[in-house]
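This report describes selected features of a predicted model. It takes up two sheets, the helices that accompany them, and the surroundings of a ligand.

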Amino acid sequence: MRFRLILFMMLAGFIPCAALLFGTVQLYESRAVGLRTADIQNQCTILSNQLAAYDYLTDPSSDVINANLTQLTNIYNGRVMIIDHDLNVVKDTYSLDEGKTDVSENVVLCMRGETTSYYDSDNHYIEVTSPITAGGSNEVIGVMLASVSTDSIAVTRQMIWAYGGVIVGIAMILLGVLSVFLADRMVRPIHKITGAIENVTEGYSDDVLHVDTYTETRLLSEAFNKMLGRLKQLDESREEFVSNVSHELKTPMTSVKVLADSLLEQENVPVEMYREFMEDIAKEIDRENQIITDLLSLVKMDKTGQNMNIQSVNINELLEQILKRLKPIAEKKNVEMVMESFRPVTAEIDEMKFTLAISNLVENAIKYNHDNGWVHVSLNADHKYLYIKVEDSGIGIPEADQAHIFERFYRVDKSHSREIGGTGLGLAIARNAVIVHRGAIKVYSSEGEGTTFTVRIPLIYAAA
Ligand code: ADP
């Protein structure tokens, strides 16, 4: 980026400088040639009049005219030829073509009364023709052809190129130094951000970024700080999760160890006691198994929804099946289960994940219920969503806990929950399962009266 900035600034400086120099040289040349041509044309017109007056074309021996011609050639470093009406060269100041015939285009044109001029930039000369007219009439009796050198203009042109080139060169050197300095300054905040990000990445710093040099770097710093905050949050939640998992997995293992040790420490343990302890050990192993199963379900519930197995499913039938499967648990507590369907509903869902969510809600409604209580499950839909309501007549959830029950391993009453056989993962699984369907889950509860969970899921699955 630094190199590109330098290159850009140098080009931005060089192109106008070069264009200015080139324009100046061109302007000078055309102006100088124009002035010189006009000057010579003037001189030629004056001399042409004199030539006619002295009848020079018939007698080219006039000293006055010859002196004037010589003066003209000396002043302008040029050559003058006087050509008569028959295109014969009457006078040549170089004495080369006298007596010869000149049929060049400009001479012929001039013989018709036109004044011509021609600039040859390669060979550095201007050629001007001026008609010689008979005194008092417009009849062209001859032509005066003057070619003058423009060497002096070419020399000045070279000098402008040389001086201009030096000035542009110096300007470019200064601009180069300035570009390096400016590019360095412009790139510095980006280096600062890169350094700070590297420090954070390598763990040398926990600081937030503050590079306020430009609006862009400020926005970049803010975006980075936000991302850093989110990463820290994720890291903390991962640590908390790992410590919770370890704790939860250790608890049944500790119980098993205590039960086994107490059996081993005693001698002549009666068979009944062995049996009782082994039953407790089996329960703890079941619990450990349940936690691992729940954990696997939770981990598999990828929030990005990439592992979704979406199918069109009849939800009424699916809910009936779920209730049927949970019926034995409800019967144990004599909890009455009622299902109410307001309309037939078909939706695009991942059947396994959806079942897991609703089963957890209904299972909780039975588990945290009083004996002889009831559980109502209702299903409704509109053109966009399906709505499921799971109501119970159970113990309810205290208001302070309602905001936390969807967190992993959160239980309202740990001892009671343990007794009932929960892992604290059921609602976290249910919530994740609803979220991967782009749905929503809510809880309404009053302690001692009962709880209602509502679930809303789109009928058509929208992939992210
Ligand atoms: P658990 O495995 O302990 O049931 P969950 O994540 O399913 O874990 O539920 C978290 C906590 O929320 C439970 O421990 C319980 O205290 C409370 N809870 C969940 N559902 C209900 C309900 N229907 N009625 C009363 N309390 C509930």
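## The mixed sheet

In this predicted model, five strands form an open sheet with mixed pairing, and their order across the sheet is 7-9-10-12-11. The edges are taken by strand 7 (336-341) and strand 11 (440-446), each of which has a single partner strand, so that one side of each is left without a neighbour in the sheet. From one strand to the next, the twist averages 10°.

At one of these edges, strand 7 pairs with strand 9 (residues 374-381) in the parallel sense, over six bridges; within this pairing, Met-337 has Val-375 of strand 9 as its bridge partner.

## Helices on the mixed sheet

Helix 8 (residues 351-367) lies across strand 7, strand 9, strand 10 (385-392), strand 11 and strand 12 (450-458), and runs at about 20° to strand 10. Helix 11 (residues 426-436) lies across strand 11 and strand 12, with a direction at about 25° to strand 12.

## The ligand surroundings

The ligand is surrounded by 20 residues, of which the closest are Asn-364, Tyr-368, Thr-423, Gly-424 and Leu-427. A polar side-chain atom of Tyr-368 lies 2.7 Å from an oxygen atom of the ligand, whereas Gly-424 places a backbone N or O atom 2.9 Å from a ligand oxygen atom. For Gly-426, a backbone N or O atom lies 3.3 Å from an oxygen atom of the ligand.

## The antiparallel sheet

Another open sheet consists of five strands in the order 2-1-5-4-3, and its pairing is antiparallel. Here strand 2 (89-92) and strand 3 (116-120) stand at the edges with a single partner strand each, so one side of each is left without a neighbour in the sheet. Neighbouring strands are turned against each other by 15° on average, direction ignored.

Strand 1 (residues 78-84) pairs with strand 2 in the antiparallel sense over three bridges, and Ile-82 has Lys-91 in strand 2 as its bridge partner. Helix 2 packs on this sheet, where it touches strand 1, strand 2 and strand 5 (140-149), and its direction makes about 140° with that of strand 1.

## The helix 1 and helix 2 pair

Helix 2 (residues 63-76) also packs with helix 1 (residues 2-53), at an angle of about 175° and with the axes 11 Å apart; the two helices are therefore roughly antiparallel to each other. From helix 1, the residues Arg-36, Asp-39, Ile-40, Gln-43, Leu-47, Gln-50 and Leu-51 meet Ile-65, Asn-68, Leu-69, Leu-72 and Tyr-76 of helix 2. By class, this contact of helix 1 with helix 2 comprises seven nonpolar, three polar and two charged residues.

Key:
Residues are numbered from 1 along each chain as its sequence is written. This is a predicted model: local features need pLDDT of at least 70, side-chain atom pairs count only at pLDDT 80 or more; totals for chains, interfaces and linings use all residues. Side-chain values use heavy atoms; hydrogens and water are left out. Axes are lines fitted to C-alpha atoms, for helices over the stretch in contact, and angles run from 0 to 180 degrees between N-to-C directions. Helices (H or I, at least four residues) and strands (E, at least two) are DSSP runs, numbered from the N terminus. Angles under 35 degrees count as roughly parallel, over 145 as roughly antiparallel, 65 to 115 as roughly perpendicular and the rest as oblique. Contact means heavy atoms within 4.5 Å. Ala, Val, Leu, Ile, Met, Phe, Trp, Tyr, Cys and Pro count as nonpolar, Asp, Glu, Lys and Arg as charged, and the others, Gly among them, as polar. Two strands pair if DSSP finds at least two bridges between them. A residue is near a molecule or strand if one of its heavy atoms lies within 4 Å of it. A polar contact is a pair of N or O atoms within 3.5 Å; within protein, one must be able to donate a hydrogen and the other to accept it, and residues adjacent in sequence count only if both atoms are side-chain atoms.
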